[in-house]
Amino acid sequence: MLQLMINDQAITLSQQAADTMLLSFLRERQGLVGSKEGCASGDCGACTVVMVSQDQQQQLSYKQINSCITPLHSLHGKQVITVEYLKQGQELHPVQQAIVDKHGSQCGFCTPGFVMSLYALSRQTTKPEHPEEFLAGNLCRCTGYGPLIEAAKQVAAAPAAKDHIQENESAVQHWMGQCDKLESEHYWQPTSRSELASIRAKHPHAKWIGGGTDLALEVTQQYQRIDEIIDLTALPELTGIERTNNGWRIGAAVSLDKVHAFMAQHYPTTDEIFARLGSITIRHRATLGGSLGNASPIGDIAPLLISLNGKIEVDDGATTELYAPEDYITGYRETRLKPQQWISAIHLPDLSPTLKHQIYKVSKRYEDDIATVVLAVAMECDDQARVSHCVISAGGVAAKSVRLSQLEDCILGEVFNNNKLKQLQALVPQYVKPIDDVRASAAYRVLLVQNLLKRFYLYSQQLPTRLAAYA
């Protein structure tokens, strides 16, 4: 049985199709039509609702999600808050009133999504330094965003005040504690490796899912059916971050918002790339394993892992294997993953204190957009300023994310000066062979790689000065 709470109503469902999306259920089965379908891909935010779940400290966590690409079964044991639940009687909720006060609505189609993103903002125990980031997953054709950003600032600055939703929290937590394990003939949430391996053996054609932010598009945009789904988010081995002997193990089903917070602390040079992975709404659902499982040639995660000498852990329930990302991805959306295996974790080594590392992403939109080119560079020099270690990786330049070892060889053992940079740039057209497509021409992508190499060179030359400023 599937158990979830919609606003203040606990619902138990049986015989629900595995590929039913939350938005369809809300609008067609519950009559809650405030959430809209704009893009059916998680880009526009018109479908935004707030998901309430318990964190590791058993406290309720409020996060906005895209209901159009969230499978209904993935919300088992969770509460969903829709825009209809905010208003009580004739009184607007404070976040709704903030939009009214700042004149943040015109045609109104996108407004419910903005309201729910602002509601999620209002429920954060630590208010963000840049509250407008909570609106990064919402698009508006009318307002120019200025009034909505002002509304976000007003919400963030407002003193905490209890509403009817908070007053009902104890009842919600009690209900969550009473929920049984999900039971379904078509959608599974195994809680152990052995159970997962058994389910996979019985259902070899079932699709893996972490957050589903990419898989769901097969349903919402390609109009395909997914009859069986194995959800990886209930396995402890896949949902935690652990210290290892010489680094960290990050579970493949850890949501990207949690990965972002972790990486900002331990691998700070990756902060911008994670901040630009979709939007905060997408990162609440998306996972590392999902990105690597899709093996998109324009994915951001694989070039990052290559540059940090990361490893991908795959499991079959009995044994695990580790692959370098450049070896794990074998071609266009092709990997070494066998039918009975799943991605279980990512391993990252500790950063050397002398490592110079940067990752750059060029896209048409700053946030919530896929890359035209991603370039990552990690470099270390010896006492004579000669390059002793170098990794250069890229996405968007081939059928898969690649390690540009030929460029690395050009500078290993050499001093990375302006002349060496020019030699490196001259080699790029020989080894970077992208395609023309709607995002960019091949020539432009080659030029991007060359210019991003120069950007890293300038960064590496200024690094001692910049570090001294913080001493």
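**Helix α16, a buried threonine and the nonpolar cores**

At the N-terminal end of α16, N417 acts as the cap, with a side-chain oxygen sitting 3.3 Å from the backbone nitrogen of N419. This comes from a predicted model. Helix α16 itself takes in residues 418-431, and its 14 residues should span 20 Å at 1.5 Å a residue; the end C-alpha atoms turn out to be 20 Å apart, so the two agree.

The helix also has two distinct faces. Buried in α16 are K420, L421, L424, Q425 and V428. These residues cover an arc of only 140 degrees around the axis, which means they sit on the same side of α16. That fits a simple rule: an α-helix has 3.6 residues a turn, so residues three or four places apart point the same way. On the face turned away from the buried side, α16 carries the exposed residues N419 and A426.

Elsewhere, T270 is found in the loop between α9 (256-266) and α10 (271-275). Loop or not, T270 counts as buried, because its relative accessibility is 0%. Its side chain reaches the backbone oxygen of Y267 at 2.7 Å. Setting aside residues up to four places away in sequence, T270 touches M263, L304, L308, H357 and I359.

M263 turns up again in the largest nonpolar core, which has 64 residues; there, M263 and F274 touch the most other members. Beyond its neighbours within four places in sequence, F274 is in contact with L256, V259, H260, M263, R283, L288, I301 and L304. There is also a second, separate core of 34 residues, with Y119, C140, I165 and I280 among them.

How values were computed:
Residues are numbered from 1 along each chain as its sequence is written. This is a predicted model: local features need pLDDT of at least 70, side-chain atom pairs count only at pLDDT 80 or more; totals for chains, interfaces and linings use all residues. Side-chain values use heavy atoms; hydrogens and water are left out. A nonpolar core is a set of buried Ala, Val, Leu, Ile, Met, Phe, Trp, Tyr and Cys residues joined through side-chain atoms within 4.5 Å. Buried means under 20% relative accessible area, exposed over 50%, partly exposed in between (1.4 Å probe, protein chains only). Contact means heavy atoms within 4.5 Å. Helices (H or I, at least four residues) and strands (E, at least two) are DSSP runs, numbered from the N terminus. A polar contact is a pair of N or O atoms within 3.5 Å; within protein, one must be able to donate a hydrogen and the other to accept it, and residues adjacent in sequence count only if both atoms are side-chain atoms. The expected span of a helix is 1.5 Å times one less than its number of residues. The arc is that of the directions from the helix axis to the C-beta atoms.
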